[in-house]
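Please open the model in your viewer and keep the sequence panel beside it. The stops below suggest what to select next and say what is to be found there.

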There are 2 protein chains.
Amino acid sequence: MPVQARSAATVQAIFEATIQVLLRDGSDRLTTTRVAERAGVSVGTLYQYYPNRQALLFAVLEDHLGKVATAVEDACLRARGRTVAEMMREVAEAFVDAKMARPDISTALYRIAADVGGPALVRRMGERSRKALEAMLRTAPDAPACQDRFAIDTLFAAMAGATRSVLESGGSPAMIRKLRSHLVLLCQSYAAALNRSV
Amino acid sequence: MPVQARSAATVQAIFEATIQVLLRDGSDRLTTTRVAERAGVSVGTLYQYYPNRQALLFAVLEDHLGKVATAVEDACLRARGRTVAEMMREVAEAFVDAKMARPDISTALYRIAADVGGPALVRRMGERSRKALEAMLRTAPDAPACQDRFAIDTLFAAMAGATRSVLESGGSPAMIRKLRSHLVLLCQSYAAALNRSV
DNA sequence: ACCTGAACACCGTTCAAGT
DNA sequence: ACCTGAACACCGTTCAAGT
């Protein structure tokens with residue numbers, strides 16, 4: 001949408017104002033007027049670039065999920081050729097670390113992720129991660145040839161659920177450390193069990 | 001709050017109207033006026049029993065989570081004295097079945113569960129389940145004496161996350177069957193790994 | 001090409017008045 | 001003791017008018 005440099009700056013300002021208002025006031029009290037005010041533009045301008053309030057929030061969610069997916073993809077590239085257990089450690093730790101890079105944003109976004117369209121966004125990012133995992137697993141010396149798409153999706157959703165639970169109950173550094181090691185164990189034992197049952 | 005029989009009926013009517021409007025229009029378009037209309041009372045009456053819109057939705061969420069927690073508690077009682085693997089199967093299947101008893105309600109409630117106060121409600125119900133699981137595990141012939149609270153919470157959140165993912169991507173009967181068996185495997189392998197690492 | 005802000009429709013919540 | 005519904009404040013969204 002941005003045709004001139006001025007409008008690109010405006011879009012950026014609105015995006016950042018959205019994050020700030022989201023963290024300061026929460027998603028309930030995030031009004032389009034407040035975001036516009038914070039961004040230093042009028043409401044009308046906001047609606048020129050984002051069709052509605054939801055689009056504003058989705059932009060932030062998409063950005064965040066994209067970062068997590070990228071972190072997982074990077075981990076999958078790093079771990080190529082290693083054993084399945086080592087791969088699982090790399091991926092689980094990368095996932096937790098990406099989520100915990102900005103715990104405040106992660107937590108705030110759980111509200112938005114449930115909105116209409118949110119689940120689709122989550123699924124799209126899950127697919128990116130799944131593909132990266134599948135490609136990585138094909139390079140493992142100790143993995144079976146056929147990988148189950150559903151199993152990988154389940155593993156991912158399970159990690160996401162456990163991470164969410166920790167974030168929503170405060171997410172102290174001690175809990176986060178525990179989560180990291182528990183998710184590694186969870187992924188490793190599940191992957192091993194799947195391998196045995198094939 | 002209900003002092004006379006009339007008001008008890010009113011509260012019930014409002015509660016059921018909330019579910020109906022939630023399923024018909026979605027949580028976004030659920031307005032207090034619409035719920036009151038559907039319940040056959042005026043808005044003012046609604047506010048006499050539920051202090052605000054959120055309280056309305058929380059009542060439905062609390063009811064649903066309560067049913068799931070009860071299903072898990074029942075499963076934990078049934079499986080006492082059996083092996084850890086059998087316990088995990090019983091609990092995982094009970095959890096999935098309880099969530100899938102009313103997939104429409106389960107799915108609709110994900111929106112509400114993220115609202116302020118929702119996470120606390122989820123945690124409270126999680127605690128009920130965890131306590132039931134701890135009590136059950138103490139009767140297992142092949143479980144270690146010390147159980148990790150965090151591990152059980154993690155297992156629960158993982159199951160919830162995976163179940164949510166399936167529900168939000170449609171939740172076909174085939175997927176649900178797959179989820180059931182995968183969650184059993186996930187719980188069993190994680191529990192076994194924990195036992196080994198103690 | 002981009003921005004402004006008054007105006008409109010709608011929703012959550014209240015409260016004076018009823019039975 | 002319980003119910004009604006008009007009234008108020010506030011928010012999302014639009015659009016005629018500006019630069």
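## Starting at strand D

Select B:Ser42 together with DNA strand D, and you will find a polar backbone atom of B:Ser42 2.7 Å from a phosphate oxygen of the strand; a pair of N or O atoms within 3.5 Å is called a polar contact here, and within protein one atom must be able to donate a hydrogen and the other to accept it, while residues adjacent in sequence count only if both atoms are side-chain atoms. Before going further, note that this is a predicted model, in which local features need pLDDT of at least 70 and side-chain atom pairs count only at pLDDT 80 or more, whereas totals for chains, interfaces and linings use all residues. Residues are numbered from 1 along each chain as its sequence is written, chains are lettered from A and ligands numbered from 1 in the order in which they are written, and side-chain values use heavy atoms, with hydrogens and water left out.

Keep DNA strand D selected and add B:Thr45, where an N or O atom of the side chain lies 2.8 Å from a phosphate oxygen of the strand. On the other chain, A:Leu30 places a backbone N or O atom 3.4 Å from a phosphate oxygen of DNA strand D. Two or more residues of the surface near this strand come from each of α2 (32–39) and α3 (43–49) of chain A and α1 (5–25) and α3 (43–49) of chain B; helices are DSSP runs of H or I with at least four residues, strands are runs of E with at least two, and both are numbered from the N terminus. The largest share, four residues, is that of α3(B).

Now widen the selection to every residue near DNA strand D, that is, with a heavy atom within 4 Å of it. This gives 20 residues, and the closest are A:Tyr47, A:Arg53, B:Thr10, B:Ser42 and B:Tyr49. Of the atoms of DNA strand D that come within 4 Å of the protein, sugar and phosphate account for 72%. By class, the surface has six nonpolar, eleven polar and three charged residues, where Ala, Val, Leu, Ile, Met, Phe, Trp, Tyr, Cys and Pro count as nonpolar, Asp, Glu, Lys and Arg as charged, and the others, Gly among them, as polar.

## Across to strand C

Which residues are the closest to DNA strand C? Among the 20 residues that surround it, they are A:Thr10, A:Ser42, A:Tyr49, B:Tyr47 and B:Arg53. Select B:Arg53 to see a polar backbone atom 2.8 Å from a phosphate oxygen of DNA strand C, and then B:Thr32, whose polar backbone atom is 2.9 Å from a phosphate oxygen of the strand. A base is reached at A:Gly44, where a backbone N or O atom lies 3.4 Å from a base oxygen of DNA strand C. Color α3(A) as well, since this helix gives the most to the surface near DNA strand C, with four residues.

## Between the two protein chains

Hide the DNA and show chain A and chain B, which bury about 2,800 Å² between them, 68% of it on carbon and sulfur atoms; buried area is the accessible area (1.4 Å probe) that two parts lose on being put together, summed over both. The contact, meaning heavy atoms within 4.5 Å, takes 34 residues from chain A and 33 residues from chain B.

Select A:Lys178 and B:Asp148 next, which form a salt bridge with their closest N and O atoms 3.6 Å apart; the term requires a side-chain nitrogen of Lys or Arg within 4 Å of a carboxyl oxygen of Asp or Glu. The side of chain A that touches chain B draws at least two residues from each of α6 (103–113), α7 (118–137), α8 (149–168) and α9 (173–197) of chain A, and α9(A) has the largest share, twelve residues. By class, this side has 18 nonpolar, eight polar and eight charged residues.

## Last stops

Within chain B, select B:Arg124 and B:Glu62, whose side chains meet in a salt bridge (3.8 Å, N to O). B:Arg124 lies in helix α7 (residues 118–137) and B:Glu62 in helix α4 (residues 53–78) of chain B, so the pair ties together parts that are 62 residues apart in sequence.

Finally, show both chains again: a rotation of 180° with 0.0 Å of shift along its axis superposes chain A on chain B (RMSD 0.0 Å), using least squares on the C-alpha atoms of residues with pLDDT of at least 70 in both. That is the relation of a two-fold axis.
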